[in-house]
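Student: I have a structure in front of me and would like to learn how to read it. Could you take me through some features, one at a time?

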Amino acid sequence: MNKNILIILLIFIVSSCNKTTEIIKDNKVKKVSFDLVDFVNPLMGTDSKYSLSNGNTYPAIATPWGMNFWTPMTSKMGDGWTYKYNENKIRGIKQTHQPSPWINDYAAFSFMAVTGELKYKEDERQSWFSHKAETVKPYHYKVYLADYDVVAEVAPTERAAHFQFTFPKADSSYIMLDAFFKGSMVKIIPEERKIIGYCRNNSGGVPDNFHNYFVAEFDKDFEITHTWADDWKLQENSTNSEGKHVGAIVGFKTTKGEMVHIKVASSFISPEQAQLNLNREIGDDSFKTTKQKAKSAWETELQKIEIEDTNTDNLKTFYSCLYRVLLFPRKFYEHDANNKVVHYSPYNGQVENGYMFTDNGFWDTFRAVYPFFNMMYPELNSQIMEGLANTYKESGWLPEWASPGHRDCMIGSNSAPIIADAYLKGNMKDKDVNVLFEAILKNAQVEAGRPASSVGREGLNYYIDLGYVPYNVGVNENVARTLEYAYADFTIAQMAEKLGKKDIANTFLKQSQNYKNVFDASTNWMRGKNEDGSFQSPFNPLKWGDAFTEGNSLHYTWSVFHDIQGLIDLMGGKTNFINQLDTVFNMPPDFDDSYYGVTIHEIREMQIVNMGNYAHGNQPIQHMIYLYNYAGVPYKTQEKIHDVLSKLYSATPDGYCGDEDNGQTSAWYVFSALGFYPVTPATDQYIIGSPLFDKATLHLENGNTFVIKTDNRSENHFYIHSTTFNGKPYTHNYLSYDMIQNGGTFNFNMQNTPSQEWGSEEADLPYSLSKDFNENKN
């Protein structure tokens with residue numbers, strides 16, 4: 001088919017969704033011909049449960065990186081799986097700050113409408129609903145509450161939201177605010193048509209004075225005011241309640257089709273700040289205006305990567321994944337009366353100046369989310385870096401899993417690669433550089449006094465003394481820790497080198513070789529090592545957990561991000577290395593779950609996708625496919641990338657192959673669909689895979705554009721025949737950061753058979769520390 005016809009078809013397909021929209025760019029309104037945001041399906045990944053994750057997501061009705069999200073609740077208060085696609089009843093629409101069901105929620109409260117007999121207890125008030133009568137967009141949620149003949153809708157802002165309830169003709173219509181458990185207060189102010197109060201629910205990581213203050217303004221007089229006290233005790237004709245779990249109920253008569261609106265905002269600082277957030281972000285806006293502003297906020301961001309292709313399913317998956325990448329970390333700062341950036345500190349409980357971000361697990365997101373921000377959002381990432389500097393100033397430590405403060409979850413020292421990568425790419429303010437370098441050194445050199453075992457480095461003194469964390473000293477997941485610490489050391493060395501701190505750079509560069517200490521040459525796998533230097537025995541590379549984190553040796557052996565050539569050398573050369581990679585994909589999905597005593601969901605998700613022991617549903621192995629490039633057989637990367645892109649992702653409720661996790665599994669798709677991936681943050685390279693689309697245009701923050709064009713791409717033509725950059729032949733199997741940031745056109749010419757030549761020469765292979773050392777020595 002003629003290429004021009006393909007593009008015409010694309011324009012027809014996407015413009016048929018919506019004719020025009022307006023986005024705000026550089027303070028100017030710009031009309032565009034179609035709405036990328038309407039390709040997004042926020043229900044992607046919501047068909048999940050404790051035993052099997054297809055994403056473990058909920059529909060986040062929010063603006064990008066918003067302080068507050070909103071979501072419907074099908075599950076009970078406190079259930080981390082707050083919205084399950086296969087459930088049939090809704091209990092309310094809640095403000096949520098949950099980054100993951102495993103971390104759970106904090107500062108949540110909800111609204112629900114009922115008619116007829118008053119039902120306010122969550123099990124009694126829940127209403128049947130159908131996905132057939134549900135509209136789910138990032139900027140708008142709408143659902144028919146069948147038991148009450150009410151249509152409930154919400155549109156978000158960063159710190160506020162606009163509700164619209166459409167009622168039937170009824171003598172008794174009610175809206176209730178459930179302020180949730182673990183401490184709450186409500187006060188109804190009838191003369192102001194207002195409910196104010198606070199909620200304090202959390203799952204840890206908060207100071208003693210933690211509150212989420214809310215204000216809700218109605219556009220209809222209250223004829224009835226009730227509250228409830230602890231144990232769901234109804235307090236009729238009351239306007240105040242405070243306790244462990246309280247709520248407010250307002251009632252009125254309604255006519256058929258009557259709309260009642262609520263404008264609601266919250267603040268972690270004060271009730272007055274909550275009111276200020278409401279006035280500033282919604283003010284006199286109508287529901288329609290709030291919805292359009294939220295839509296425009298998404299369109300502005302999604303337009304930064306414009307895809308041209310005729311496969312609308314792939315477009316939906318791409319933009320649904322991009323939506324997930326742009327949700328976390330959330331903004332945990334507010335603007336005071338003088339429009340100054342301030343934040344309530346979830347670390348010291350004080351109101352402090354400057355930026356703060358939260359709800360992120362760096363064990364997941366250092367891999368691709370933050371490299372994506374460095375590529376597409378350098379200014380945002382510099383603000384995130386300021387937030388990390390503030391965290392260090394306010395708590396004495398860098399976060400590794402914050403929600404909203406330090407949480408004891410996962411392992412590693414992965415704040416270091418995030419900070420080093422931002423610094424090396426110039427995305428850090430000068431005032432934060434020394435503070436953050438001091439912080440990553442403390443994380444890497446001090447074990448005592450940490451606020452949680454996940455902060456800093458568990459087993460650090462062993463790591464420094466022995467060059468590894470031993471298997472038999474009571475520090476679990478010890479090989480995984482050793483490997484992640486060694487990579488973090490490499491990133492610290494890179495930052496120190498650029499800062500001119502040669503001695504520090506040399507120390508950490510040497511420590512970055514510690515991965516070699518847990519490599520067992522007799523098996524060619526990473527293996528637990530005892531304090532006396534002997535390898536742990538018996539050894540089963542299929543055993544999940546134990547020496548590893550949510551994986552086994554087949555998954556973690558490849559976590560030598562900075563020195564793949566060194567790993568190749570340990571394995572006895574490229575042929576052995578390639579065979580080891582192939583083994584993971586070609587073997588049955590066998591596993592040993594004895595460490596856990598049950599088959600955890602990550603194991604099950606590996607088992608069922610028919611890719612051998614490759615476990616894409618969890619983060620430790622997601623870079624592994626790209627490692628064939630380092631051994632000079634990039635065509636093997638291309639065929640595996642094609643399999644994952646086409647089989648393991650879709651814009652459907654079961655559209656992920658495991659936990660989505662703060663945008664990381666989505667960021668893998670976004671990068672890989674574009675045709676490259678950041679295997680080693682803190683270097684300037686992206687490893688080339690197999691692009692999915694005919695054309696992608698990256699509108700960079702510096703004003704340049706980087707265009708990726710693909711010729712002859714089809715379902716069967718996913719192997720690279722040749723590439724050019726700005727019209728000149730290009731043979732490296734990686735791209736550089738500067739190539740992208742300076743703009744240009746990168747062209748892929750695809751074919752249906754593997755190329756043994758493209759990107760296979762030694763000069764065309766990516767960076768490795770050992771390779772770099774040998775080249776410099778020569």
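**Reading contacts, cores and backbone**

Tutor: Let us begin with a single residue: leaving out residues up to four places away in sequence, M259 touches Q164, F165, T166 and D219. Please keep in mind that this is a predicted model.

Student: Where does M259 lie, and is M259 buried or exposed?

Tutor: M259 lies in strand β20, which covers residues 259-267. With a relative accessible area of 43%, M259 is partly exposed, since that class falls between the 20% limit for buried and the 50% limit for exposed. You can also compare chain and space, as M259 and V150 are 109 residues apart along the chain, while their C-alpha atoms are separated by 9.8 Å.

Student: How should I read a nonpolar core, and which residues touch the most other members in the largest one?

Tutor: In soluble globular proteins, nonpolar side chains tend to be buried together. Here the largest nonpolar core has 213 residues, and F111, I175, F318 and F372 touch the most other members. Helix α12, residues 478-498, gives the most to this core, with twelve residues. Because domain 1 (53-304) and domain 2 (309-339 + 632-777) both give residues to this core, it lies between them.

Student: Which residues is F318 in contact with, beyond its neighbours in sequence?

Tutor: Leaving aside neighbours within four places, F318 is in contact with I305, I307, Y669, V670, A673, L674 and F693. There is also a second, separate core of twelve residues, including Y106, A107, F268 and M356.

Student: How do helices α10 and α12 cross, and which residues make the contact?

Tutor: For a helix pair, one looks at the axes and then at the side chains between them. The axes of α10 (residues 430-445) and α12 come within 11 Å and cross at roughly 145°, and the crossing is left-handed. From α10 the contact uses V433, F437, I440, L441 and A444, and from α12 it uses I492, M495 and A496. By class, this contact has eight nonpolar, no polar and no charged residues.

Student: What should I look for in the backbone itself?

Tutor: Look at the omega and phi angles. The peptide bond from F328 to P329 is cis, with omega near 0°, and P329 lies in the loop between α5 (312-325) and β22 (330-331). Another cis peptide bond joins S537 and P538. As for phi, D661 has a positive value of about 60° although D661 is not a glycine, and at 12% relative accessibility D661 counts as buried.

Terms used:
Residues numbered from 1 in each chain as written. Predicted model: local features only at pLDDT ≥ 70, side-chain atom pairs only at ≥ 80, totals over all residues. Heavy atoms only, no water. Core = buried A, V, L, I, M, F, W, Y, C linked by side-chain atoms within 4.5 Å. Buried < 20%, exposed > 50% of the residue type's maximum accessible area, 1.4 Å probe, protein only. Helix = DSSP H or I, 4+ residues; strand = E, 2+ residues; numbered from the N terminus. Domains from an automatic or database assignment. Contact = heavy atoms within 4.5 Å. Axes fitted to C-alpha atoms, helices over the stretch in contact; angles between N-to-C directions. Left-handed = near helix turned anticlockwise from the far one by under 90°. Nonpolar A, V, L, I, M, F, W, Y, C, P; charged D, E, K, R; others polar.
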